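Me: I have a model open and want to test its labels. Can we take them one at a time?

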Amino acid sequence: MSENVLSQSQVEVKMGFNPKGLGIAVLVGLLIWVIPTPADLSVRAWNMLALFVATIVAIVAKAMSMGAATLVALVISGLTGLTPIKAKADDVAMLSGFANGTIWLIGIAMFLSRAVIKTGLGKRIALFFVEKLGNRMMGVAYGIAIADLIIAPGIPSASARGGGIMYPIMQSIADAYDSKPGPTAKRAGAFLALVVSQIDTIVCTMFLTAMAGNPLIAELAASQGIQISWMTWFLGAIVPGVACLFILPYLLYLIYPPELKHTPKMAEMAKEELKHMGKMSKAEWILALDFILLLFLWTVGDLAFGISATVSAFIGLAILLLSNIMTWKNIVSETTAWDTMFWFSVLVMMATALNKYGAIAWISTHISESIGSFSWPVAFTILVLVYFYTRYFFASAMAHISAMYLAFLAAAIAVGTPPMLAAVGLGYTSTLSMSLTQYAGGPGPALFGSGYNSAGQWWSVSFIMSIFSLIIWFGLGGAWMKLLGWW
């Protein structure tokens with residue numbers, strides 16, 4: 001009997017969805033749908049809002065995968081006529097999101113990131129800096145930070161970088177010094193798990209292509225008439241980002257210190273691993289040069305040559321195909337990228353519809369009215385703090401951004417916040433909040449899953465770090481953006 005009886009979780013896996021989560025999502029959506037439409041909102045806008053909220057609830061409640069949840073939403077929006085397949089002037093087309101250039105940018109960047117991992121270039125870069133700086137624990141942290149900073153623009157996945165490249169190196173360091181979960185966790189592993197999470201979060205915030213959510217933010221900002229290019233995003237983030245990479249690891253070292261301070265064994269181990277890898281292969285050299293070309297084009301290509309960031313990404317991918325570093329089979333089999341592009345497209349379409357049909361303006365009006373008595377700096381600070389710490393309720397960066405960014409951006413602009421400051425400020429906040437919890441995205445689940453930190457340790461230390469992070473990004477960063485003329 002025991003062998004034939006499936007647990008509830010096993011049943012859910014076989015079914016492909018969580019019945020309880022799905023039931024909650026459907027119930028929430030239906031309740032909003034049947035509630036009388038507010039007088040200052042159209043029926044179509046209200047129904048689209050109901051469908052959107054139900055989709056976000058399904059994602060948060062893990063009713064099914066994001067791809068499946070957005071597919072169901074796409075079908076419902078088409079069947080109900082909320083987004084017809086052939087759109088008129090006042091409609092949003094059902095499949096409009098799939099033609100969005102930003103979506104292709106993030107998808108191609110994910111293909112490129114596979115090449116970085118496949119060739120071993122990412123691992124080589126990380127080991128190089130650990131070898132050079134790894135004689136002390138702080139050196140290891142800064143070595144990881146520099147390596148992550150170098151590879152981040154071409155790897156739009158915090159999980160791939162932090163979990164796929166940095167986590168194994170962090171685990172090797174802990175193992176080398178016999179730091180195991182439990183009594184010896186604080187010898188090295190507990191500090192390293194948290195510092196990798198913090199570093200990955202900062203680096204994700206610095207580049208438009210360092211995380212899948214960032215291009216979505218840029219696309220949502222564009223719907224409010226605010227254009228955020230790759231260079232604009234980077235220019236605003238460079239000063240507070242570099243400051244955070246210097247300050248936050250050391251601050252973590254002070255408030256949550258490892259027992260080991262000197263780690264000469266780590267530098268030697270990295271050196272041996274590099275020797276075992278041998279000299280850089282031809283594929284690694286081509287990939288490195290391709291990477292440099294992409295950074296150049298993403299930085300000045302649009303202004304100097306009229307080459308958009310998406311076209312630049314296509315150029316980089318074509319080079320990898322022509323040099324046989326990537327094959328078409330590799331690209332077709334990159335399921336994570338295709339999955340991301342699908343649900344990304346649907347979410348963009350739904351957000352566009354909410355904005356065009358008036359739902360976003362309606363929500364932002366109510367938000368702005370509640371804080372309208374304050375000056376815009378105070379009102380914007382309130383919006384940032386609420387937006388940042390509501391991340392505790394989301395296990396997905398994309399769900400958090402999709403559910404809240406556009407409405408909060410519109411509200412920030414409504415209370416008088418300069419548009420560019422509002423767009424990038426909330427954009428950076430979207431990513432910075434990723435390190436708050438072990439489930440908020442990125443490499444957190446893998447790092448926390450290593451067992452070196454309790455949930456209480458992770459939450460308390462991360463909360464303290466979040467305060468200093470916000471101070472740097474909106475204190476020093478705000479002054480920097482003032483010099484840029486953004487407010």
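Reply: What follows is a run of questions on the labels, each answered from a value and a cut-off. Bear in mind that this is a predicted model.

Me: What makes Arg44 and Asp91 a salt bridge?

Reply: Their closest N and O atoms are 2.4 Å apart. The cut-off is 4 Å between a side-chain nitrogen of Lys or Arg and a carboxyl oxygen of Asp or Glu, so the pair qualifies. A search of the whole structure gives six salt bridges.

Me: Why is the pair of Arg44 and Asp91 said to tie parts together?

Reply: Arg44 sits in helix α3, residues 43-60, while Asp91 sits in the loop between α4 (66-79) and α5 (101-119). These parts are 47 residues apart in sequence, so the bridge ties them together.

Me: Why is Asp91 called buried or exposed?

Reply: Its relative accessible area is 12%. Buried means under 20%, so Asp91 is buried. Arg44 has 25%. That value falls between 20% and 50%, so Arg44 is partly exposed.

Me: How do you know that Glu273 and Lys123 form a salt bridge?

Reply: The N to O value is 3.0 Å. The limit is 4 Å, so this pair passes too. Glu273 belongs to helix α12 (residues 264-277) and Lys123 to helix α6 (residues 121-133), so the bridge ties together parts 150 residues apart in sequence.

Me: What makes Glu273 and Lys123 partly exposed?

Reply: Glu273 has 26% relative accessibility. Lys123 has a relative accessible area of 38%. Partly exposed covers the range between 20% and 50%, so both labels hold.

Me: Why does the pair of Asp175 and Lys180 count as a salt bridge?

Reply: Their side chains meet at 3.4 Å, N to O. That is within 4 Å, so the label applies. Asp175 is partly exposed at 38%, and Lys180 is partly exposed at 37%.

Me: Why are α10 and α20 called roughly antiparallel?

Reply: The axes of helix α10 (residues 213-222) and helix α20 (residues 419-432) cross at roughly 155 degrees. Angles over 145 degrees count as roughly antiparallel, so the term fits. The axes come within 10 Å. The crossing of α10 past α20 is right-handed.

Me: Which residues meet where α10 and α20 pack?

Reply: From α10 come Asn214, Ile217 and Ala221. From α20 come Ala423, Gly427, Ser430 and Thr431.

Me: What makes the phi of Lys62 worth a remark?

Reply: Phi is near 55 degrees, a positive value, and Lys62 is a residue other than glycine. Lys62 lies in the loop between α3 and α4. Its relative accessible area is 56%, and exposed means over 50%, so Lys62 is exposed.

Me: Where is Asp178, and what is its phi?

Reply: Asp178 is in the loop between α8 (158-176) and α9 (189-206). Its phi is near 55 degrees, again positive in a residue other than glycine. At 45% relative accessibility, Asp178 is under the 50% mark for exposed and above 20%, so it is partly exposed.

Me: Why is Val34 called exposed, and where does it lie?

Reply: Val34 lies in helix α2, residues 19-34. Its relative accessible area is 59%, over the 50% cut-off, so Val34 is exposed. Val34 and Trp46 are 12 residues apart in sequence and 9.7 Å apart in space, C-alpha to C-alpha.

Me: What makes Asp302 partly exposed?

Reply: Asp302 has 49% relative accessibility. Exposed begins over 50%, so Asp302 stays in the partly exposed class. Asp302 is in helix α13, residues 282-305. Beyond its neighbours within four places in sequence, Asp302 contacts Leu297, Ile307 and Ser308. Asp302 and Ser229 are 73 residues apart in sequence, yet 8.8 Å apart from C-alpha to C-alpha.

Me: Which residues touch the most other members of the largest nonpolar core?

Reply: They are Phe191, Leu192, Ile228, Tyr405 and Leu426, in a core of 163 residues. Helix α16 (residues 335-357) gives the most to this core, with 13 residues. A second, separate core has five residues, including Ala158, Cys204, Ala397 and Met434.

Me: What does Phe191 touch?

Reply: Leaving out residues up to four places away in sequence, Phe191 touches Met137, Met138, Ala141, Pro249, Leu252, Tyr253, Tyr256 and Pro258.

Conventions. Residues numbered from 1 in each chain as written. Predicted model: local features only at pLDDT ≥ 70, side-chain atom pairs only at ≥ 80, totals over all residues. Heavy atoms only, no water. Core = buried A, V, L, I, M, F, W, Y, C linked by side-chain atoms within 4.5 Å. Buried < 20%, exposed > 50% of the residue type's maximum accessible area, 1.4 Å probe, protein only. Helix = DSSP H or I, 4+ residues; strand = E, 2+ residues; numbered from the N terminus. Contact = heavy atoms within 4.5 Å. Axes fitted to C-alpha atoms, helices over the stretch in contact; angles between N-to-C directions. Parallel < 35°, antiparallel > 145°, perpendicular 65-115°, else oblique. Left-handed = near helix turned anticlockwise from the far one by under 90°.
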